[in-house]
Amino acid sequence: MVQWVGASEWRCRTEAQIRYIDPPRLKSGGCIAYWEPSWAAYLDLRVFRKEGPPVAVEIDRADESTAVDKLRDEALRGRPALWIRWHGALRAELPTGVARLHLPTRSSRAPLRYSLAPVSDTAAITLGPAVTPEARADALRRDHQRIADEKRAAARPQEPGPTRCYR
């Protein structure tokens, strides 16, 4: 992907940090306290084009909801979001504003090796529903609220880290 982006005369950043629109919540997991989702999230690629907003890209073999959440938030911010999936079954629904490119694979027996199969039809590309202006406005309002909350939290004295139980 990085080579293709360069050949297209665009730039990209790998492991580009993003923040979720909704702030993380402190949860208790028995003897440990943790944030869900975590404070830091990373996109596989952020592609910077000459014209238009940057494109958020996640490349996954597994069907993980964190990739979908990151892409949904980027789409709600008005940035194109592309989920490149290879191998495995596809989840039926796509979040608002996210496009999915499914790259079929062939796998051999042990040791398991994958190779890309040719994409033969346009069914490989699936689009989620369009982002409505109301959804975008609501997401931007929540995003600004999260930013304000983070600034207030940063101004407070540092709290001790999570408490862990040891046996």
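The following exchange goes through a predicted model of a single chain, from its overall make-up to its salt bridges.

Biologist: What pattern of helices and strands does the chain follow, read along the sequence?

Modeller: The chain has 3 helices and 10 strands. Read from the start of the sequence, their order is α-β-β-β-β-β-α-β-β-β-β-β-α.

Biologist: What share of the contacts with a separation of 6 or more comes from residues 24 or more positions apart?

Modeller: The chain has 167 residues, and 27% of them count as buried. Among contacts with a separation of 6 or more, residues 24 or more positions apart account for 54%.

Biologist: How much of the area that the chain exposes do carbon and sulfur atoms supply?

Modeller: The chain exposes about 11,200 Å². Of that area, the part supplied by carbon and sulfur atoms is 55%.

Biologist: Which residues form a nonpolar patch on the surface?

Modeller: The patch has about 380 Å² of accessible area, taken over its members together. One member, Trp4, sits in helix α1, residues 2–7. The members of the patch are Met1, Trp4, Trp10 and Ile59.

Biologist: How far apart are the end C-alpha atoms of helix α2, and what should its residues span?

Modeller: Helix α2 covers residues 65–76, which is 12 residues. At 1.5 Å a residue, they should span 16 Å. The model agrees, because the end C-alpha atoms are apart by 16 Å.

Biologist: Which elements do the buried residues of α2 pack against?

Modeller: The buried residues of α2 are Ala67, Val68, Lys70, Leu71, Asp73, Glu74, Ala75 and Leu76. They pack against strands and a helix: β1 (11–18), β4 (41–48), β5 (55–60), β6, β7 (98–103) and α3 (133–155).

Biologist: Which residue just after α2 takes a positive phi?

Modeller: The phi angle in question is about 95°. The residue that takes this angle, just after α2, is Gly78.

Biologist: Is Arg85 buried or exposed?

Modeller: Arg85 belongs to strand β6, residues 81–86. Its side chain reaches the backbone oxygen of Asp60 at 3.5 Å. Buried means under 20% relative accessible area. Arg85 has a relative accessible area of 1%, so the residue is buried.

Biologist: How far apart are the closest N and O atoms in the salt bridge of Glu74 with Arg77?

Modeller: The structure holds 11 salt bridges. In the one between Glu74 and Arg77, both residues are buried. Their closest N and O atoms are apart by 3.0 Å.

Biologist: How many residues apart are Arg77 and Asp143?

Modeller: The side chains of Arg77 and Asp143 meet in a salt bridge, at 2.9 Å from N to O. This pair links distant parts of the chain, with Arg77 in the loop between α2 and β6 and Asp143 in helix α3. Along the sequence, the two are apart by 66 residues.

Biologist: Why do Arg77 and Asp143 count as buried?

Modeller: The cut-off for buried is under 20% relative accessible area. Arg77 counts as buried because its relative accessibility is 16%. Asp143 counts as buried because its relative accessibility is 9%.

Biologist: Which residues is Asp143 in contact with, leaving aside its neighbours within four places in sequence?

Modeller: Asp143 lies in helix α3. A polar contact of 2.9 Å joins its side chain to that of Arg77. With neighbours within four places in sequence left aside, the contacts of Asp143 are Tyr20, Ile21 and Arg77.

Biologist: Where do Asp138 and Arg141 lie?

Modeller: Asp138 forms a salt bridge with Arg141, with the closest N and O atoms 2.7 Å apart. Asp138 is partly exposed at 31% relative accessible area, while Arg141 is exposed at 52%. The two are 3 residues apart, about one turn of the helix, and both lie in α3.

Biologist: Which residues do salt bridges that share partners join into one network?

Modeller: The network includes Glu74 and Arg77, whose salt bridge was described above. Its members are Arg46, Glu74, Arg77, Arg79, Asp143 and Arg146.

Biologist: Which helix do the buried residues of α3 pack against?

Modeller: The 23 residues of α3 should span 33 Å, and its end C-alpha atoms are 33 Å apart, which agrees. In this helix, Ala139, Asp143, Arg146 and Glu150 are buried. The buried residues of α3 pack against α2.

Note on methods. Residues are numbered from 1 along each chain as its sequence is written. This is a predicted model: local features need pLDDT of at least 70, side-chain atom pairs count only at pLDDT 80 or more; totals for chains, interfaces and linings use all residues. Side-chain values use heavy atoms; hydrogens and water are left out. Patches are made of residues with over 30% relative accessible area and no salt bridge: like charges are joined within 9 Å, nonpolar side chains (Val, Leu, Ile, Met, Phe, Trp, Tyr) within 5 Å. Accessible areas come from the Shrake-Rupley method with a 1.4 Å probe; for residues, only the protein chains shown count as cover. A salt bridge is a side-chain nitrogen of Lys or Arg within 4 Å of a carboxyl oxygen of Asp or Glu. Helices (H or I, at least four residues) and strands (E, at least two) are DSSP runs, numbered from the N terminus. Buried means under 20% relative accessible area, exposed over 50%, partly exposed in between (1.4 Å probe, protein chains only). A polar contact is a pair of N or O atoms within 3.5 Å; within protein, one must be able to donate a hydrogen and the other to accept it, and residues adjacent in sequence count only if both atoms are side-chain atoms. The expected span of a helix is 1.5 Å times one less than its number of residues. Contact means heavy atoms within 4.5 Å.
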